[in-house]
Amino acid sequence: MRHQIFKGLAVIAVAMTSFCVVDAQRVITNTVTPKDLTVYNEQTVDLTIFRYIYKGWNTICLPLSLTTDEVNNIFGEDCRLETLVGVENTGTTTKLNFKDVKPDGLKANTPYILYSTLDNGVREIRKSSAYVTTGPVELSFSDNTGTTVVFGGATEAGSADGIYGILVRDNSTAAFVDVSNVAGGILASRCFIELNGGETTNTLHSNHFDYNMTDVQSVVSEIDPNEPVDVYNVSGVKIATKILPGEIKTLGKGVYVVKGKKFQVR
């Protein structure tokens with residue numbers, strides 16, 4: 001009888017263990033005085049980030065991924081989420097070509113610009129099972145003058161010396177300006193532009209492209225493979241003369257125009 005009782009208790013214990021769910025660790029932080037999230041790198045936690053978002057353009061880089069629905073729920077259905085896909089130099093202006101990528105969701109540790117139509121305020125970014133990703137955040141492109149344009153993200157508050165960011169007074173047009181003298185430097189989860197080498201005194205101008213911009217493969221497939229073509233940048237400057245369609249794929253990352261059609265080389 002005693003043996004049967006112990007056996008029954010053992011079965012109950014196994015069943016309880018099978019249905020026991022261990023809650024993810026709760027982590028709450030903000031972007032003014034952020035916690036060190038590197039200790040949670042590649043771990044799944046219940047993560048909440050409080051972030052102030054302005055009406056208009058903001059920059060954002062988060063240590064967790066969000067689906068399109070989550071982006072809409074937090075920042076509003078009319079928000080726009082873009083990332084840098086190319087740069088070009090017109091002599092006095094460096095053009096930053098951003099593309100709408102909201103249908104792909106927000107990816108962890110990736111720099112973006114975010115347009116919000118909501119009033120200024122603190123947004124609660126919470127995900128109960130967030131896979132945390134920390135580390136260097138950087139997209140790099142080279143323009144036609146040899147300037148390397150870096151679109152990076154700050155994982156913690158730090159110096160803004162030598163970088164460009166979006167200020168509140170300029171956020172209606174996503175204007176990146178020198179923020180070296182901004183008190184307090186750059187805050188965590190914000191993004192910046194940095195120019196290295198080549199012409200670094202240009203004005204920065206942001207272009208915006210839709211999500212469904214043509215892929216390079218689509219453009220190449222529509223052209224006779226033996227027909228030489230000229231390739232232009234978005235500003236209308238010719239950057240390649242009489243090259244074969246197959247060679248278009250060898251161009252650096254960016255946005256180009258062939259026969260009046262814009263496309264992206266990744």
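Is S172 buried or exposed? In this predicted model, S172 is exposed, because its relative accessible area of 57% is over the 50% cut-off. S172 is found in the loop that joins strand 10 (164-166) to strand 11 (176-178). In sequence, S172 and V219 are 47 residues apart, and their C-alpha atoms are separated by 33 Å.

The protein chain as a whole contains 3 helices and 18 strands. Its radius of gyration is 24 Å, whereas a compact globule of 266 residues would have a value near 18 Å. The C-alpha trace spans about 90 × 50 × 35 Å along the principal axes of the chain. Of the 266 residues, 45% are buried. Among contacts with a separation of 6 or more, 68% are made by residues 24 or more positions apart. The accessible surface amounts to about 13900 Å², and carbon and sulfur atoms contribute 51% of this area. The chain carries 24 positive and 29 negative charges, and the mean positions of the two sets lie 6 Å apart.

Confidence was examined next. The mean pLDDT of the protein chain is 86, with 90% of the residues at 70 or more. Confidence is lowest in helix 1 (residues 2-19), where the mean is 37. Over residues 1-22 the pLDDT stays under 50, and the model has 0 contacts for this stretch beyond four places in sequence. Where pLDDT is low, predicted coordinates should not be read in detail.

Helix 2 (residues 68-75) has the highest confidence, at a mean of 98. The buried residues of helix 2 are V71, N72, I74 and F75. An α-helix has 3.6 residues a turn, so residues three or four places apart point the same way. The elements against which the buried residues of helix 2 pack are strand 2 (44-53), strand 3 (56-60), strand 6 (112-116) and strand 7 (121-131). G76 comes just after helix 2 and takes a positive phi of about 100 degrees.

Positive phi values also occur in residues other than glycine. One of these is N109, with phi near 60 degrees. N109 lies in the loop between strand 5 (93-100) and strand 6. N109 counts as buried because its relative accessibility of 16% is under the 20% cut-off. S189, which is not a glycine either, has a positive phi of about 75 degrees. The loop that holds S189 runs between strand 11 and strand 12 (191-196). With a relative accessible area of 6%, S189 is also under 20% and is therefore buried.

A residue within a strand was also examined. L139 is found in strand 8 (residues 138-142). L139 counts as partly exposed, because its relative accessibility of 24% falls between the cut-offs of 20% and 50%. Leaving out residues up to four places away in sequence, L139 touches T83, L84, P111, V149, V150 and F151. L139 and I193 are 54 residues apart in sequence, with a C-alpha to C-alpha distance of 9.7 Å.

Technical notes:
Residues are numbered from 1 along each chain as its sequence is written. This is a predicted model: local features need pLDDT of at least 70, side-chain atom pairs count only at pLDDT 80 or more; totals for chains, interfaces and linings use all residues. Side-chain values use heavy atoms; hydrogens and water are left out. Helices (H or I, at least four residues) and strands (E, at least two) are DSSP runs, numbered from the N terminus. The radius of gyration is taken over C-alpha atoms; the globule rule is 2.2 Å times the number of residues to the power 0.38. Buried means under 20% relative accessible area, exposed over 50%, partly exposed in between (1.4 Å probe, protein chains only). Contact means heavy atoms within 4.5 Å. Accessible areas come from the Shrake-Rupley method with a 1.4 Å probe; for residues, only the protein chains shown count as cover. Lys and Arg count as positive and Asp and Glu as negative; His and the chain ends are not counted. The place of a charge is taken as NZ of Lys, CZ of Arg, CG of Asp or CD of Glu. pLDDT is the predictor's confidence in each residue, from 0 to 100.
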